Amino acid sequence: MNEAWIGPVVAHLGRGLLVTLWISLLSVVVATVVGIAVGSLATSPKPALRAVVRGYVTLFRGIPSLLILLCVFFALPQIGLATGPLTASVIGLGLWGSANIAEAARGALFSISPHQGEAARALGMSARATLRDVLLPQAARRFLPPYIGQLTVLIHASALTSVVGVSDILGSARQMIERLAYMGPDSHAILIYGMVLAVFFAICYPLTLLADYAERRLRV
Amino acid sequence: MGETLLDDLPALLNGLGNSLLVSAIGITVSVVLGIALGAARNAGVPVLSQAIAVYVNVFRCTPLLVQIFMLYFALPEIGIRLSPFQTSWIALALWGAAYHTEIFRAGFKAVPPAEILAARALGMPARRTFLDVTLPLGLRATIPAATTMAIGQFRSSSFMVVVGYQELTYVANGLVSQTFRVFEIFGMAALMYFLTCTLIGAASRGFETWLRVPGTRTAR
């Protein structure tokens, strides 16, 4: 049996994996920064601002990630921003992920008893200092387990970028299978997609264990 | 493909109908599977319990999109040919069942042990105890989490665009590539997803209130 096909396939999947990791990293950064900022605004005393936060979170969580991705991909060129599929993917996944992370942050902040904040304010701490020194350190413990869970969700979602033409690990697998099918009788699709599944599992399973551990360990 | 959004509405609604169809089948199958597997996990049936844990971890730690590729593009290699429709509901069912198993397992575990002990002390066999005590109490407690997952499954039906199933995202994507009216068409599709998710959520909350046993709390 000829095994010569394996070398190039693994090399190509490796390049795809790097793209997957890069997209995951960038969209995690965008989603974390925007998500924590938006989630913190939910504690604002201004009802209008809270309503905007609520709307942002509800809206983005009620729409499929893939639709947001396609929308950003097709919309950016129309408003004059000619970016590649990779940038569009990062913006789309980042926006979608930020809503999930904002919800986790909001939930964590609201799980802290209001007396904590009131006591800090009564002691003369500014609203900003109350948030920074009293609410956030406590909320962080409750935020971390769902946040780690969201990381796996975003890493999974990075596979969607293959739909808009990014050569991530799934896109690379598809290209190799098409090539093998063109060249010979056997495309080895089961084995190649099996490798992709194994790679995602190897990344995400430890993360879910970490999330479980964090949940037990950081219980307030 | 028409000049205005009104002309595209029938096609989009038809897509929404197809999305709802595969989601309904996929969600029903996954909930039934989830209850059965969750019960087996909760009962700690040897071997079976470990096998279910492996299934749950494999499907939860790999992206749904790669699972879809495996079902649709790789299985024909071993002679299993699924239509886009079959792929869509089977993928949603297998992926969702992994999450539902964990949800129902947690729900069954959360039933107060005193209730089960009392039933057993009254002479009820283990099977009756499960069917008449653990199941009704456990299922009520899982309604919010199971609904969140079901809504997630409905949103993920958009992934079936990759196998060419005529669901809402596929239809919207097709219309956009023909007309380039990105914002109108994707906006309308997003609104349809959003409203459907909101309706499912509201219906579930109504159902939960209607079923509530006085004096019990619902666990989230």
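Colleague: Why are helix α3 of chain A and α7(B) called roughly parallel to each other?

Modeller: In this predicted model, helix α3 (residues 65-78) of chain A and α7(B) pack at an angle of about 5°, with 11 Å between their axes. Angles under 35 degrees count as roughly parallel, and α3(A) and α7(B) are therefore described in that way.

Colleague: Which residues make that contact, and how do they divide by class?

Modeller: On the side of α3(A) they are Leu67(A), Leu70(A) and Phe74(A), which meet Thr169(B), Asn173(B) and Val176(B) in α7(B). The residues of this contact divide into four nonpolar, two polar and no charged.

Colleague: How do you know whether Thr169(B) is buried or exposed?

Modeller: Thr169(B), which has its place in helix α7 of chain B, has a relative accessibility of 0%. Buried means under 20% relative accessible area, so Thr169(B) counts as buried. Leaving aside neighbours within four places in sequence, Thr169(B) is in contact with Leu67(A) and Leu70(A) from chain A, and with Ser158(B), Val161(B) and Tyr193(B) from chain B.

Colleague: What makes α1(B) oblique to α8(B)?

Modeller: Helix α1 (residues 5-43) of chain B and helix α8 (residues 182-211) of chain B pack at an angle of about 40°, and their axes are 11 Å apart. Roughly parallel would require an angle under 35 degrees, and roughly perpendicular one of 65 to 115; the angle of about 40° belongs to neither range, and that makes α1(B) oblique to α8(B). The crossing of these two helices is right-handed.

Colleague: Which residues of α1(B) and α8(B) are in that contact, and how many are nonpolar?

Modeller: From α1(B) come Leu5(B), Asp8(B), Leu9(B), Leu12(B), Leu13(B), Leu16(B), Ser19(B) and Leu20(B), while α8(B) supplies Glu184(B), Ile185(B), Met188(B), Met192(B), Tyr193(B) and Thr196(B). By class, the contact has ten nonpolar residues, together with two polar and two charged ones.

Colleague: Why is Ser204(B) counted as it is, buried or exposed?

Modeller: Ser204(B) is placed in helix α8 of chain B, and its relative accessibility of 11% is under the 20% limit, so Ser204(B) counts as buried. With neighbours within four places in sequence left aside, Ser204(B) is in contact with Ile143(B) and Thr147(B).

Colleague: Which class, buried or exposed, do Val47(B) and Phe180(B) fall into, and how do you know?

Modeller: Val47(B), found in the loop between α1 and α2 (48-60) of chain B, has a relative accessible area of 67%. Exposed means over 50%, so Val47(B) is exposed. Phe180(B), found in the loop between α7 (168-179) and α8 of chain B, also counts as exposed, because its relative accessibility of 52% is over that limit.

Colleague: What is the phi of each of these two residues?

Modeller: Val47(B) has a positive phi of about 65° although it is not a glycine. Phe180(B) has a phi near 60°, again a positive value in a residue other than glycine.

Colleague: Turning to chain A, what makes His12(A) buried or exposed?

Modeller: His12(A) lies in helix α1 (residues 6-41) of chain A, and with a relative accessible area of 17%, which is under the 20% cut-off, His12(A) is buried. His12(A) touches Ser172(A), Gln175(A) and Met176(A), not counting residues up to four places away in sequence. Although His12(A) and Ser172(A) are 160 residues apart along the chain, their C-alpha atoms are separated by 6.4 Å.

Colleague: And which class fits Arg128(A), buried or exposed?

Modeller: Arg128(A), in helix α6 (residues 127-157) of chain A, has a relative accessibility of 69%, over the 50% limit, so Arg128(A) counts as exposed. The C-alpha atoms of Arg128(A) and Ala99(A), 29 residues apart along the chain, are separated by 23 Å.

Colleague: Why is α4(A) described as largely enclosed by the rest of the structure?

Modeller: Of the 26 residues of α4(A), 19 are buried, so the helix is largely enclosed by the rest of the structure. From first C-alpha to last, α4(A) (residues 85-110) reaches 37 Å, close to the 38 Å expected at 1.5 Å a residue.

Conventions:
Residues are numbered from 1 along each chain as its sequence is written. Chains are lettered from A and ligands numbered from 1 in the order in which they are written. This is a predicted model: local features need pLDDT of at least 70, side-chain atom pairs count only at pLDDT 80 or more; totals for chains, interfaces and linings use all residues. Side-chain values use heavy atoms; hydrogens and water are left out. Helices (H or I, at least four residues) and strands (E, at least two) are DSSP runs, numbered from the N terminus. The expected span of a helix is 1.5 Å times one less than its number of residues. Buried means under 20% relative accessible area, exposed over 50%, partly exposed in between (1.4 Å probe, protein chains only). Axes are lines fitted to C-alpha atoms, for helices over the stretch in contact, and angles run from 0 to 180 degrees between N-to-C directions. Angles under 35 degrees count as roughly parallel, over 145 as roughly antiparallel, 65 to 115 as roughly perpendicular and the rest as oblique. A crossing is left-handed if the near helix is turned anticlockwise from the far one by less than a right angle, and right-handed if clockwise. Contact means heavy atoms within 4.5 Å. Ala, Val, Leu, Ile, Met, Phe, Trp, Tyr, Cys and Pro count as nonpolar, Asp, Glu, Lys and Arg as charged, and the others, Gly among them, as polar.
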